Amino acid sequence: MIVLIDCSNYFVRWFNLGDVALYQAAAKRLSEIFSGAELHILTAAPDRIREHCSPLRPLSSDAVHARDWFAPGETSRWPVDGVWPLRRTAIAMARRIDRRLLPPRLRAFVDAPQLEAYFQTLWQSDLVLLSGGGYFTDAFADHARGLLDTLAGAQALGRPTAIMSPGFEHMTGAAAEKARAVLPNVRLIGCRDDTTSPEILKAFGVPRDRVVATGDDSIEIAIAGRMQERNAIGFGLRVHAYANVDGARAKAVGAAVADVAGGAGASVIPLPINLVGPSDSASIRQALDGLDVDVDSRPDPATTAALLERVGRCRIVVTGAYHAAVFAMAMGIPVVALAASDHYRRKFGGLASIFRNGCRVVDLAAAAPAEQIRAAALEAWDNADGLHAPMRTRAYELLGIQRAFWRRLRELV
């Protein structure tokens, strides 16, 4: 039994603990469902997969550029049984090229062993999956198109495909065209929200009985986090264009968080999710710089376990990073979620809906966002004890839905 996972983050430029948690959940569940199976995941950071996500086996993502050679919509170029020799021809040509003469960006494109490994794994797979994540959106359209290419290739080879609980948003252009061509042929699709995603999938032509609203798969990892003395405010933020958060907005958010912390006599614990790429830690420092607030100064958490230890010390969490909110809510900690772009409004709105309790979304582009943050944070602080039990109950309900959904993979092979 061989399973191939294409995923939200290859760890090329970004290292995100939320994605790590998604892959850890996949490793745990697939190992239980298909005992002894080979579980392959595409990545540019094999050491990180081995360190954090065993028993997943890293498969170089450098070769996925070659899937453009066999793009859906041009079936004569896809490696279906009748034209599989085209794949061998492409690899044979790559072997004849002296890679030392190529610019660095082209070397991986014609790396014959990596091409062979990618196509051979796709060919041999009994099941091809996409991980969770927030990639089905125009903000990450190129990556979404690539993942859909992987599914299209598997489908052309007659392999069953499934998608494991990402968020789906309105897409335009080539990504939308590929989605309409590929998604209706996916046998099973989970989505992490019960608001936007089911309607988007319906518009793409996916039969309703193949879609399940599960919540984010990282709940599997976060729900095991241990609660400690909850007397701090967890704080997460991402200053980046796709989040529509700049330095000025960061400073306004930081001032509001510091004000609430001072009034409650609480410290602030940074909860960075993205450690490399747009650095959440740098965003948090920028937001709190120069303010009179007690900030936990420990080094960044390098693992999901270290991050969950921090979350477990928080009474409330104020965050603009999606997985900081998921981790907190799975542990029964109320969240004030910060959104300044449509992408984040949909992400956090879906999270609030599927959890039902404990998440209030503040629109940073609306009037007086700092006052809204203060009011929402103070309300969450006052109600944290009463919200804990219903939030934990809902987290376990979602965990049960997710595990039942993943067990349905057995029906596909």
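Modeller: Let's start with a word we will need often: contact means heavy atoms within 4.5 Å. This is a predicted model, in which local features need pLDDT of at least 70, side-chain atom pairs count only at pLDDT 80 or more, and totals for chains, interfaces and linings use all residues. Residues are numbered from 1 along each chain as its sequence is written, and side-chain values use heavy atoms, leaving out hydrogens and water.

Biologist: Thanks! What is the mean pLDDT of the chain?

Modeller: The mean is 90, and 87% of the residues reach 70 or more; pLDDT is the predictor's confidence in each residue, from 0 to 100. Over residues 71-86 pLDDT stays under 50, and there the model has 32 contacts beyond four places in sequence.

Biologist: Now to D296. Which residues is D296 in contact with, leaving aside its neighbours within four places in sequence?

Modeller: They are V268, I269, P270 and R313. D296 itself sits in the loop between α11 (280-288) and α12 (304-311). Helices (H or I, at least four residues) and strands (E, at least two) are DSSP runs, numbered from the N terminus.

Biologist: Why is D296 called buried?

Modeller: Buried means under 20% relative accessible area, exposed means over 50%, and partly exposed lies in between (1.4 Å probe, protein chains only). D296 has 15% relative accessibility, so it counts as buried.

Biologist: What makes the pairing of D296 with R313 a polar contact?

Modeller: A polar contact is a pair of N or O atoms within 3.5 Å; within protein, one must be able to donate a hydrogen and the other to accept it, and residues adjacent in sequence count only if both atoms are side-chain atoms. The side chains of D296 and R313 make such a contact at 3.1 Å. A polar atom of the D296 side chain also lies 3.0 Å from the backbone nitrogen of R298.

Biologist: How do you know that the buried residues of α8 line one face of the helix?

Modeller: First, who they are: in α8 (residues 196-203), S197, P198, I200 and L201 are buried. Looking down the axis, these buried residues fall within an arc of 165°, so they line one face; the arc is that of the directions from the helix axis to the C-beta atoms. The face turned away from the buried side carries the exposed E199, K202 and A203. Among what covers the buried residues are β7 (188-191) and β8 (211-213).

Biologist: And why is strand β13 described as largely enclosed by the rest of the structure?

Modeller: Five of the five residues of β13 (residues 335-339) are buried, so the description fits. V335, A337 and A339 point one way, while V336 and L338 point the other way, and all are buried. In a regular strand the side chains alternate between the two faces of the sheet.

Biologist: What makes β12 and β13 a pair?

Modeller: Two strands pair if DSSP finds at least two bridges between them. Three bridges join β12 (residues 314-319) to β13, and the two run parallel. V317 stands opposite V335 in β13. From β12 the chain crosses through helix α13 (residues 322-330) to β13, and this β-α-β crossover is right-handed. That word applies if, with the strands pointing away from the viewer, the path from the first strand over the helix to the second runs clockwise. On its other link, β13 is joined by five bridges to β14 (residues 359-363), again running parallel, and A337 stands opposite V361.

Biologist: Why is α13 called largely enclosed?

Modeller: Nine of the nine residues of α13 are buried, so the helix is largely enclosed by the rest of the structure. Its buried residues include Y322, H323 and F327.

Biologist: One last pair: why do T121 and S125 count as buried?

Modeller: T121 has 10% relative accessibility, so it counts as buried; S125, at 2%, counts as buried too. T121 lies in helix α5 (residues 112-124), whereas S125 is in the loop between α5 and β5 (127-130). The side chain of S125 reaches the backbone oxygen of T121 at 2.6 Å. Beyond four places in sequence, T121 is in contact with L4, H40 and L59, and S125 with I2, V3, L4 and R159.
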